[in-house]
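Hi,

Here is the structure I promised to pass on. Have a look at it first, and my notes follow underneath.

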Amino acid sequence: NMYVVKKSYTDSFICYQLAVKNHSHYTIDAYKSLFTSCKVTNKFCIKLNHDKAREMIWQWSEKGLSPSTINKYVSRFRAFFKYLQIIGIVNSNPWSKIPALKVHSHLPCFLSKSDIDKIYTYKWNDTIADRQDKLCISLLLNYGISVSEAAAIKIKHLDIFRKSIFITDGKGKKQRYLPMLLEDEDFFITMANTRDSEDFLLPSRLNNIYQIRYVVRKRIEQICSKTNVNPRTLRHTYATMLINNGMSINCIRELLGHSSIATTQLYSNVGIAALKVSYNEAFRRSTTHASPSIEINLSVDYQREETI
């Protein structure tokens, strides 16, 4: 029986998520953190009803949590109580009829063309640390992979014959191949011929999502004087570059590993925003003339099902 009930209902659910759903440890950690912060006990599970669930949402809102964060919490509790319903602990799911809060989409943050040029022309020192950090930045910016995907790449994932990189640790365990850039082929061939197949592509000091985030933040601040840049910013920059260079949404969706094309289409708004800025800079008129009438609504209501 795949539904094994342990002494703690939360422990039972976590075991189920690991053994049956095969969720990543990041998702499991998110559930554990939520259960701990909300002090979820067996008694809590049995006594929770629809009104108390709505009260929890109100308390989260009072604490200043964003609608998107609250929606994530509701979704996790909905999945948890659905499991409890299946194993016969509760008769109904108090979260099932709670609608998602409206979320106004925010355009992804991305680096400007001048910032990208600074990264590509930056003079790295000939040290081990600099070579490793350059590889880390290049992987994220040139291939648009997520931080967890970058940390999971092993030498065996470099397919020299197909000249591609096999991405194995995508969101929802999705897998895909990414074509190698021509300028990277020699480097990857050398790595494949000189390293053990089970070695990680990134060195041990960077084979951790928290270290990668630290390196990205530190290096981009050093190179571009931009603060608080994270790996996702580089992923957004990659997608925006492709949009602005005319690549189709379908191709970009495949490269990013999105399940839904609606997620990828958000980058169309980013491209329009960048175009509008360039247009206004190039089309400066005298204050005595009417300015060009271009109204682009960038605050579209957009309920995302996955993280871009």
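**Strands and a helix**

Ile 167 stands opposite Arg 176 in strand E3. Please keep in mind that this is a predicted model.

That pair belongs to the pairing of E2 (residues 164-167) with E3, an antiparallel arrangement joined by four bridges. Another pair there is Phe 166, whose bridge partner in E3 is Tyr 177. E3 itself covers residues 176-179 and has two faces: Arg 176 and Leu 178 lie on the covered one, while Tyr 177 and Pro 179 lie on the uncovered one.

On to the other neighbour of E2. Strand E1 (residues 158-159) also runs antiparallel to E2, with two bridges between them. Here Asp 159 stands opposite Ser 164. The hairpin of E1 and E2 has four residues between the strands, and Lys 163 takes a positive phi there, near 50 degrees.

Now the helix, H7, which spans residues 128-143. Does its length fit what you would expect, or how far off is it? With 16 residues at 1.5 Å a residue, H7 should span 22 Å, and its end C-alpha atoms are 22 Å apart, so the two agree. Many side chains to look at here: the buried residues of H7 include Asp 130, Asp 133, Leu 135, Cys 136, Ile 137 and Leu 139. Leu 140, Leu 141, Asn 142 and Tyr 143, at the end of H7, are among the buried ones too. Right after H7 comes Gly 144, with a positive phi near 65 degrees.

Happy to go through any of this with you.

Best wishes

How values were computed. Residues are numbered from 1 along each chain as its sequence is written. This is a predicted model: local features need pLDDT of at least 70, side-chain atom pairs count only at pLDDT 80 or more; totals for chains, interfaces and linings use all residues. Side-chain values use heavy atoms; hydrogens and water are left out. Buried means under 20% relative accessible area, exposed over 50%, partly exposed in between (1.4 Å probe, protein chains only). Two strands pair if DSSP finds at least two bridges between them. The expected span of a helix is 1.5 Å times one less than its number of residues.
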